[in-house]
Amino acid sequence: KLLCSRALDDRAGCYVLLKALAELSKKPPKGSVHFAFSVQEEVGLRGAALLARRHALDWAFAVDSCSSGDFPGLTPDQGPARLGDEPVAVAVDHGARTA
């Protein structure tokens, strides 16, 4: 029931974006929507930040995974996500910047 692989977080993010594109193609939204498969999210979302600046985007969402915290030695505040629980949405992380 569990899967482990190198770069699985990046691969899962690409899958989610491709599924979102497929859904949007059924009923395109008003306005422009940009999808990008970028680099260096581990060091501050550099690729996504560059694209957001270049295209003067109103909103940008980075799709990635987060670490599961259900292993010995962690307290609930250090790793609130648990394997088998609901999806997790991180509102702000160290890479978030304000205009």
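**Exercise 1. Pro80 and the segment after α2**

Determine in which segment of this predicted model Pro80 lies, whether Pro80 counts as buried or exposed, and how far apart Pro80 and Gly69 are in space.

*Solution.*
Step 1. Helix α2 covers residues 46-54, and Pro80 belongs to the segment after this helix.
Step 2. The relative accessibility of Pro80 is 66%. Exposed means over 50%, so Pro80 counts as exposed.
Step 3. Pro80 and Gly69 are eleven residues apart in sequence, and their C-alpha atoms are 5.9 Å apart in space.

**Exercise 2. Ala60 in relation to Ala48**

Assign Ala60 to its segment, classify Ala60 by its relative accessible area, and state the C-alpha separation of Ala60 and Ala48.

*Solution.*
Step 1. Ala60 is also placed in the segment after α2.
Step 2. With a relative accessible area of 55%, Ala60 is exposed, because the class begins over 50%.
Step 3. Along the chain, Ala60 and Ala48 are twelve residues apart; between their C-alpha atoms the separation is 7.9 Å.

**Exercise 3. The segment before α1**

Describe Ala7 by its phi angle and accessibility, then describe Cys4 by its accessibility and its separation from Leu45.

*Solution.*
Step 1. Ala7 lies in the segment before α1, and Cys4 is found in that segment as well.
Step 2. Although Ala7 is not a glycine, its phi is positive, at about 60°.
Step 3. The relative accessible area of Ala7 is 30%. Partly exposed residues fall between the 20% and 50% limits, so Ala7 is partly exposed.
Step 4. Cys4 has 77% relative accessibility and therefore counts as exposed.
Step 5. Cys4 and Leu45 are 41 residues apart along the chain, with 23 Å between their C-alpha atoms.

**Exercise 4. A salt bridge in helix α1**

Identify the residue with which Lys26 forms a salt bridge, and state where both partners lie.

*Solution.*
Step 1. The structure contains one salt bridge.
Step 2. Lys26 pairs with Glu23, and the closest N and O atoms are 3.0 Å apart. This satisfies the salt-bridge cut-off of within 4 Å.
Step 3. Side chains of opposite charge can pair when their charged atoms come close.
Step 4. Both residues are in helix α1, three residues apart, or about one turn of the helix.
Step 5. Lys26 counts as exposed, at 63% relative accessibility, whereas Glu23 is partly exposed, with a relative accessible area of 48%.

**Exercise 5. A nonpolar surface patch**

Name the residues that make the nonpolar surface patch, and locate Tyr15.

*Solution.*
Step 1. Tyr15, Val16 and Val63 make a nonpolar surface patch of about 280 Å².
Step 2. Tyr15 is situated in helix α1, which spans residues 8-26.
Step 3. Tyr15 counts as exposed because its relative accessibility is 53%.

**Exercise 6. The chain as a whole**

Summarise the protein chain by its helices and strands, its dimensions, its buried fraction, its contacts, its accessible surface and its charges.

*Solution.*
Step 1. The protein chain has two helices and zero strands.
Step 2. The C-alpha trace spans about 45 × 35 × 25 Å along its principal axes.
Step 3. The protein chain has 99 residues, of which 10% count as buried.
Step 4. Among contacts with a separation of 6 or more, 33% come from residues 24 or more positions apart.
Step 5. The accessible surface amounts to about 8800 Å², and carbon and sulfur atoms hold 59% of this area.
Step 6. The chain carries 12 positive and 12 negative charges, whose mean positions lie 8 Å apart.

Notes: Residues are numbered from 1 along each chain as its sequence is written. This is a predicted model: local features need pLDDT of at least 70, side-chain atom pairs count only at pLDDT 80 or more; totals for chains, interfaces and linings use all residues. Side-chain values use heavy atoms; hydrogens and water are left out. Patches are made of residues with over 30% relative accessible area and no salt bridge: like charges are joined within 9 Å, nonpolar side chains (Val, Leu, Ile, Met, Phe, Trp, Tyr) within 5 Å. Accessible areas come from the Shrake-Rupley method with a 1.4 Å probe; for residues, only the protein chains shown count as cover. A salt bridge is a side-chain nitrogen of Lys or Arg within 4 Å of a carboxyl oxygen of Asp or Glu. Helices (H or I, at least four residues) and strands (E, at least two) are DSSP runs, numbered from the N terminus. Buried means under 20% relative accessible area, exposed over 50%, partly exposed in between (1.4 Å probe, protein chains only). Contact means heavy atoms within 4.5 Å. Lys and Arg count as positive and Asp and Glu as negative; His and the chain ends are not counted. The place of a charge is taken as NZ of Lys, CZ of Arg, CG of Asp or CD of Glu.
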